[in-house]
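Colleague: I should like to learn how to read a protein–DNA model in an orderly way. Could we work through one together, feature by feature?

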There are 2 protein chains.
Amino acid sequence: MGQFLSRMEPFRRLSQAERLRLAAVAREKRYDKGDTIFRAGQPADAVCVVREGRVHLMKFLEGGQASTTCVMTPGETFCCLPALDGKPYPVDAVAAVDSTVICIPTSAFHELLRKNPAFLQDSLCLFCDRLRQVEDKSCMTYDSVERRLAKSLLMLSKKFGPTIPLTKQELAELANTTQETTIRILSQLSKQGVIRSARGKTTILRPEKLSAFLDP
Amino acid sequence: MGQFLSRMEPFRRLSQAERLRLAAVAREKRYDKGDTIFRAGQPADAVCVVREGRVHLMKFLEGGQASTTCVMTPGETFCCLPALDGKPYPVDAVAAVDSTVICIPTSAFHELLRKNPAFLQDSLCLFCDRLRQVEDKSCMTYDSVERRLAKSLLMLSKKFGPTIPLTKQELAELANTTQETTIRILSQLSKQGVIRSARGKTTILRPEKLSAFLDP
DNA sequence: ATAATGACATGACGTACGTCATAGAAGGAT
DNA sequence: ATCCTTCTATGACGTACGTCATGTCATTAT
């Protein structure tokens, strides 16, 4: 596990000794597809790193609608926010597929923040990235579903490459729309040759066409 | 100015000496209503504190639509984010009314972060609050305009009390909708006695009725 | 093999809400 | 007063998209 963390932000710049101490207190947990890792409002006892699989950070709206704010892939760290301010988790975390997650007790994380300025700096940058991402999403309300989907697909292709392994339902939750509308729009895009759609995955064939939806 | 800052987060816990040094490098600037304080993408040279007036953090969408992500009132600090990670401002800042803003060079801010752990901690908390707020907004896409407006009004009443000094257009930008729809919904709420609407301000008469829109 | 489940797909229908047009009030400037 | 600007208000109209209903494939389970 120390090996794994040593290649990931914000743990890259830890010393050998620090990494060993971290590995000693961290624990790996397995989650099945659909399992809830934690819920919004729970006191935050751990900072998490995806080891394997895929974790969605999401909110469940009053109407039962699910809204995914962030998709975390292997190597990504999530929920350092509660570790920084001591308040509860702001979102639910759900394993979108069978996943392994490394859980680091907030106390250990906090100690590293205090003792290692480089680690603090890297953690903050990670955190700032997160805020910038969320801020981008927050003004999507005014966009059409087509644009929201295009944005979501482009964002995902940065993590997964051209082939995005999410179901249409999951894409819908990211774009804050329904599965039906998502499918309708994606099948249009298929006909235009912009993407290819298959069960459980979507392949971007012409990213520039997707970007074109965003500019004008 | 030192006086003023000494009562505001995250500057409360600075020492007398630190505050004096800060006051020496900080500068007060006046902005007229409608002036842009900075634009998204600009390199961030200052952390700002509202001394007087009202500043809106906003994004301008491709269609020319304005979306307000945050309303800053006297005593509130904005854009410490770029000071933390060194990247550009993520949003535009616009004076919504004639305003005075205290500008603190990022270098000075950064130095305080490094030297004063309590200041770092308070800044982080402030920052985390911000992320939590934005995260709340990011899933509003699925809400009806009525709910988005109710949320916005309740949020604003925490800053301004029952009487909210924003124009209908400004409320619309917060709720990511149009001025027309905002007016239509607000005049319904007026008829139901939930609010009272006047030129440039809206008074909440029955906050509990507004909250009622959010739960079910 | 058959059933059961989940992902994908498509049609029909209604409505919330954006757009456009128009106009009345309330202030501000001259 | 008169003009001008800004804010508020209301009607008419179209459409994007949510909802419901139904059906077809793939997968997995029995």
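## Reading the interfaces

Modeller: Let us begin with the surface near DNA strand C, whose residues divide into 4 nonpolar, 10 polar and 7 charged. Please keep in mind throughout that this is a predicted model.

Colleague: Which residues come nearest to DNA strand C?

Modeller: One reads such a surface by its nearest residues and then by the part of the strand that they approach. Of the 21 residues around DNA strand C, those that come nearest are K168(A), G200(A), V145(B), T177(B) and T181(B). On the side of the strand, sugar and phosphate make up 60% of the atoms that come within 4 Å of the protein.

Colleague: Which elements supply at least two residues each of the surface near DNA strand C?

Modeller: They are α8 (179-191) and β10 (195-198) of chain A, together with α8 (179-191) of chain B. The largest share, 5 residues, comes from α8(A).

Colleague: How far from a phosphate oxygen of DNA strand C do the backbone N or O atoms of K168(A) and V145(B) lie?

Modeller: For each such approach, one should note whether the protein atom belongs to the backbone or to a side chain. In K168(A), a backbone N or O atom lies 2.8 Å from a phosphate oxygen of the strand. For V145(B), the distance from a backbone N or O atom to a phosphate oxygen is 2.8 Å. T178(B) approaches with its side chain, a polar atom of which lies 3.3 Å from a phosphate oxygen of DNA strand C.

Colleague: Let us turn to the other strand. Which residues come nearest to DNA strand D?

Modeller: The reading proceeds as before. There are 22 residues around DNA strand D, and T177(A), K168(B), Q179(B), R199(B) and G200(B) come nearest. Sugar or phosphate accounts for 55% of the strand atoms within 4 Å of the protein, and bases account for the rest.

Colleague: Which individual approaches to the phosphate oxygens of DNA strand D deserve a place in my notes?

Modeller: Chain A offers side chains here: an N or O atom in the side chain of T178(A) is 3.3 Å from a phosphate oxygen of DNA strand D, and a polar side-chain atom of T181(A) lies 2.8 Å from one. From chain B, a backbone N or O atom of G200(B) lies 2.7 Å from a phosphate oxygen of this strand. The elements giving two or more residues to this surface are α8 of chain A together with α7 (168-174), α8 and β10 (195-198) of chain B. The largest share, 5 residues, comes from α8(B). By class, the surface has 4 nonpolar, 11 polar and 7 charged residues.

Colleague: How should I read the interface between the two protein chains, and how many residues of each are in contact?

Modeller: One begins with the residue counts and the buried area, and then turns to specific pairs. Here, 43 residues of chain B are in contact with 43 residues of chain A. Between them the chains bury about 3,900 Å², with 60% of it on carbon and sulfur atoms. R132(B), E135(B) and Y142(B) supply 19% of the area that chain B buries against chain A, more than any other three residues.

Colleague: How many salt bridges are found across this interface?

Modeller: There are 8 salt bridges. One of them joins D85(B) to R132(A), with the closest N and O atoms 3.1 Å apart. Across the interface there are also 16 residue pairs in polar contact. On chain B, β5 (66-72), α3 (81-85), α5 (117-138) and α6 (145-160) each supply at least two residues of the side that touches chain A. The most comes from α5(B), with 15 residues. By class, that side has 19 nonpolar, 10 polar and 14 charged residues.

Colleague: Finally, is L214(A) buried or exposed, and why?

Modeller: L214(A) is buried because its relative accessibility is 16%, and the cut-off for buried is under 20%. This residue is found in helix α9 (residues 207-214) of chain A. Beyond its neighbours within four places in sequence, L214(A) is in contact with R147(A), A150(A), K151(A), L154(A) and E62(B). One of these partners, R147(A), lies in helix α6 (residues 145-160) of chain A. R147(A) is likewise buried, with a relative accessible area of 15%. With the same neighbours left aside, R147(A) is in contact with F213(A), L214(A) and E62(B).

Terms used
Residues are numbered from 1 along each chain as its sequence is written. Chains are lettered from A and ligands numbered from 1 in the order in which they are written. This is a predicted model: local features need pLDDT of at least 70, side-chain atom pairs count only at pLDDT 80 or more; totals for chains, interfaces and linings use all residues. Side-chain values use heavy atoms; hydrogens and water are left out. Contact means heavy atoms within 4.5 Å. Buried area is the accessible area (1.4 Å probe) that two parts lose on being put together, summed over both. A salt bridge is a side-chain nitrogen of Lys or Arg within 4 Å of a carboxyl oxygen of Asp or Glu. A polar contact is a pair of N or O atoms within 3.5 Å; within protein, one must be able to donate a hydrogen and the other to accept it, and residues adjacent in sequence count only if both atoms are side-chain atoms. Helices (H or I, at least four residues) and strands (E, at least two) are DSSP runs, numbered from the N terminus. Ala, Val, Leu, Ile, Met, Phe, Trp, Tyr, Cys and Pro count as nonpolar, Asp, Glu, Lys and Arg as charged, and the others, Gly among them, as polar. A residue is near a molecule or strand if one of its heavy atoms lies within 4 Å of it. Buried means under 20% relative accessible area, exposed over 50%, partly exposed in between (1.4 Å probe, protein chains only).
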